[in-house]
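This report goes through one protein structure by region. Please keep the sequence and the coordinates at hand while reading.

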Amino acid sequence: MNQAVLAGQLDALSPLSVLQRGYALTRDEEGRLVRSVVGRMPGEALRVHLGDGQLGVRVEEIAPD
């Protein structure tokens with residue numbers, strides 16, 4: 001494969017590119033990634049990282065699948 005193809009593939013897998021496609025990373029107050037509703041509490045502050053910035057949010061409801 002040529003370098004342009006490899007660079008495109010690498011860019012597609014970049015965490016920033018993933019965020020630009022509409023995904024988000026959520027972190028707790030200590031900066032740890034939130035991977036589950038387990039351990040979350042109503043009123044807890046979280047930081048949501050999006051493709052164009054961040055949101056400071058509070059948990060209002062927990063609804064496990």
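In which helix is the place of Q20? Q20 belongs to helix α2, which covers residues 15-20. The model is a predicted one.

## Q20 and its contacts

Is Q20 buried or exposed? The relative accessibility of Q20 is 57%, so Q20 counts as exposed, the cut-off for that class being over 50%.

Once neighbours within four places in sequence are set aside, Q20 is in contact with G51 and D52. With G51 there is a polar contact: the side chain of Q20 reaches the backbone oxygen of G51 at 2.6 Å. As for D52, 32 residues separate Q20 and D52 in sequence, while their C-alpha atoms are 7.4 Å apart in space.

## Strand pairing

Strand β2 (45-50) pairs with β1 (25-27) and with β3 (residues 53-58). The pairing of β1 and β2 is antiparallel and has three bridges. The pairing of β2 and β3 is also antiparallel, with six bridges, and a hairpin of two residues joins these strands.

Which residues stand opposite H49? On the β1 side, L25 stands opposite H49 of β2; in β3, the bridge partner of H49 is Q54. A further bridge links L46 to V57 in β3.

In a regular strand, side chains alternate between the two faces of the sheet.

## E44 before strand β2

E44 is located in the loop between β1 and β2. Why does E44 count as buried? Its relative accessibility is 15%, and buried means under 20%, so E44 falls in that class.

Leaving out neighbours within four places in sequence, the contacts of E44 are D28, G39, V57, R58 and V59. V57, one of these contacts, is also the bridge partner of L46.

## The largest pocket

How much space lies in the largest pocket? The value is about 180 Å³. The lining consists of T26, V34, R35, S36, V37, R40, L46, V57, V59, E61, I62 and A63. By residue class, the lining divides into seven nonpolar, two polar and three charged residues.

Several lining residues have already appeared in this report. L46 and V57, which are bridge partners, both line the pocket. V57 and V59 are among the contacts of E44 and are also part of the pocket lining.

Note on methods: Residues numbered from 1 in each chain as written. Predicted model: local features only at pLDDT ≥ 70, side-chain atom pairs only at ≥ 80, totals over all residues. Heavy atoms only, no water. Helix = DSSP H or I, 4+ residues; strand = E, 2+ residues; numbered from the N terminus. Buried < 20%, exposed > 50% of the residue type's maximum accessible area, 1.4 Å probe, protein only. Contact = heavy atoms within 4.5 Å. 1 Å grid on protein atoms, 1.4 Å probe; cavity = no way out; pocket = protein on both sides within 12 Å on 5 of 7 lines; lining within 4 Å. Points joined across faces, edges and corners; volume = space filled by probe spheres on them. Nonpolar A, V, L, I, M, F, W, Y, C, P; charged D, E, K, R; others polar. Polar contact = N/O pair within 3.5 Å; in protein donor to acceptor, adjacent residues only side chain to side chain. Pairing = 2+ DSSP bridges.
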